[in-house]
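Work through the exercises below with the sequence and the 3D view open. Each task is followed by a solution in steps.

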Amino acid sequence: MSDLEVPLRPKRKKVWVDYFVQFRWILVIFVVLPISFSLYFFTYLGDVKSAWKSYEKRQKEHDENVKKVVKRLKQRNPTKDGLVCTARKPWIAVGMRNVDYKRARHFEVDLSAFRNILDIDKERMIAKVEPLVNMGQISRATVPLNLSLAVVAELDDLTVGGLINGYGIEGSSHLYGLFSDTVVAYEIVLADGQVVRATKDNEYSDLFYAIPWSQGTIGLLVAAEIKLIPIKEYMKVTYKPFIGTLREIGQAYMDSLAPRDGDQDNPEKVPDFVETMIYTPSEAVVMTGRYASKEEAKKKGNVINQIGWWFKPWFYQHAATALKKGEFVEYIPTRDYYHRHTRSLYWEGKLILPLADQWWFRFLLGWMMPPKVSLLKATQGEAIRNYYHEMHVIQDMLVPLYKVPDALDWAHRELEVYPIWLCPHRLFKLPVKTMIYPEPGFELHRRQGDTHYAQMYTDVGLYYAPGPVLRGEVFDGAEAVRRMEKWLLENHGFQALYAVSELNEKDFWRMFDAELYEQCRKKYGAVGTFMTVYYKTKKGRKTEKEVKEAEQAHLETTYAELEQPN
């Protein structure tokens, strides 16, 4: 079988869940969309109310809320109460992973008040924000000042806390790294109620490096100071169609962000934003963006596309027009560009609401889009949830840039999920080894995109129903995820932790490095207070007894096994 041939599978017999999913759009239109729009509107009013307050008043309220968190933690009796979790309902999380750990007995700490922008410091170029501030809220505050976070994740609803404790990327990550790489300080409430400020060069520097990817299992994040950069009013976007094999598409994508002469830090050669969307095994559109002033954008002959309007074609479909009309350039208002994938949820909106991309739907109801992911999860039962785990793929494969062609071949052969999103990011060589880290010795090879201080990685985003499912064939979603994880382990790749994982504990800690994480959990009293990141992300129901016993076994044996020579 050649690399691009896919295995033949028998047809799958439909069950009642298939029909429920097929007609779920009725529930979404008449229930989920109206409620989503109402929640968006009331959240917006809350943001406006917060913006009217002075930074001094917001900081005072923040300090009072931190004291409440400290008081609540000190009320916990370790011998009687369960492990600490936030009071957020399980369905509110944006990720597809089931929040099953909250089904066990646990001790809740309410962080719902932490949703304010505390300061925009234009001199230090720092934004101080609370963890529930989302990307739409922060861009609404900073873009009018011609400032922005260095990395603005595309979906409005993604929160600062989720992007730090979990995973966050954007088309500018090939310059600045992941979202957590742009943070300069964390304010953390530790297990004993102590409040600390962690930076890369103070006494809590170990904590600073351990927080990203830890899923809130070391301490409770209550504020972050994040790097700001100067920006311009528009993004000049170039759409380049590419026809060829998947390996050739992978190379074209690499060339769009990484000069072959190795001059990776030259702004004349490296664009401000990069992404590629692969629509079929032989068709892709490579997009690059550069900031542009309003004077440049409004010059005669230039095309301005305000894609933020509700009636506009979805961005991924608009980009696909380059496959027919050829390369083109346009100017998009910067904030519209940042959130270009929000209304259609990348391309998941097509599955959720099959008619929502039609012009008449966009014009009549597009202003209510998108449905909140949390409400979509809240309105699905156990059977629907399990169906999506088996028949749907939402995964991010983080792989070294030079292995992108191999990853694309693998994804086609095993999953046949299209479109595919490619977005690069730097993985920095840090003073300590964090949960994710570059390949050892990468700086000696200096492959395309690498520098002496960072290895270039790529997020291969797979978000859709696999080809076999669309054709009505048998598909084992859990087994497909296991094969993906095996491939990642063999190729120094990483799996985003918001997604469904099938990793056992030993393989989880083969993929992610545990040393600094465990040192900080012991040093800062997290053991016995917060569950481990593995058990927080583990698939399936969990009991308090299971989690505590597993944690003890984990502390005693897991790393001894990992440290044994092969």
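**Exercise 1.** In which crossing, left-handed or right-handed, does α17 pass α20?

Solution. The model is predicted, so local features need pLDDT of at least 70 and side-chain atom pairs pLDDT 80 or more, while totals for chains, interfaces and linings use all residues. Residues are numbered from 1 along each chain as its sequence is written, and side-chain values use heavy atoms, without hydrogens and water.

Step 1: find helix α17 (residues 404-414) and helix α20 (residues 477-490); helices are DSSP runs of H or I with at least four residues, strands runs of E with at least two, numbered from the N terminus.
Step 2: the two axes come within 11 Å and cross at roughly 165°. Axes are lines fitted to C-alpha atoms, for helices over the stretch in contact, with angles from 0 to 180 degrees between N-to-C directions.
Step 3: α17 and α20 are therefore roughly antiparallel (under 35 degrees is roughly parallel, over 145 roughly antiparallel, 65 to 115 roughly perpendicular, the rest oblique).
Step 4: the crossing of α17 past α20 is right-handed, that is, the near helix is turned clockwise from the far one by less than a right angle; anticlockwise would be left-handed.

**Exercise 2.** Describe how helix α8 (residues 246-257) packs with α17.

Solution. Step 1: the axes of α8 and α17 are 8 Å apart, at an angle of about 140°.
Step 2: α8 and α17 are therefore oblique to each other.
Step 3: the crossing of α8 and α17 is right-handed.

**Exercise 3.** Which side chain does Lys372 meet in a salt bridge?

Solution. Step 1: a salt bridge needs a side-chain nitrogen of Lys or Arg within 4 Å of a carboxyl oxygen of Asp or Glu.
Step 2: the partner of Lys372 is Asp157, at 2.8 Å from N to O.
Step 3: the pair links distant parts of the chain, 215 residues apart: Lys372 is in the loop between α14 (359-365) and α15 (373-378), and Asp157 in the loop between β5 (147-149) and α5 (160-165).
Step 4: Lys372 counts as buried because its relative accessibility is 13%, whereas Asp157, at 24%, is partly exposed (buried is under 20% relative accessible area, exposed over 50%, partly exposed in between, with a 1.4 Å probe and protein chains only).

**Exercise 4.** Which residues join Glu414 in a network of salt bridges?

Solution. Glu479, Arg482, Arg483 and Glu502 are linked with Glu414. The whole structure holds 29 salt bridges.
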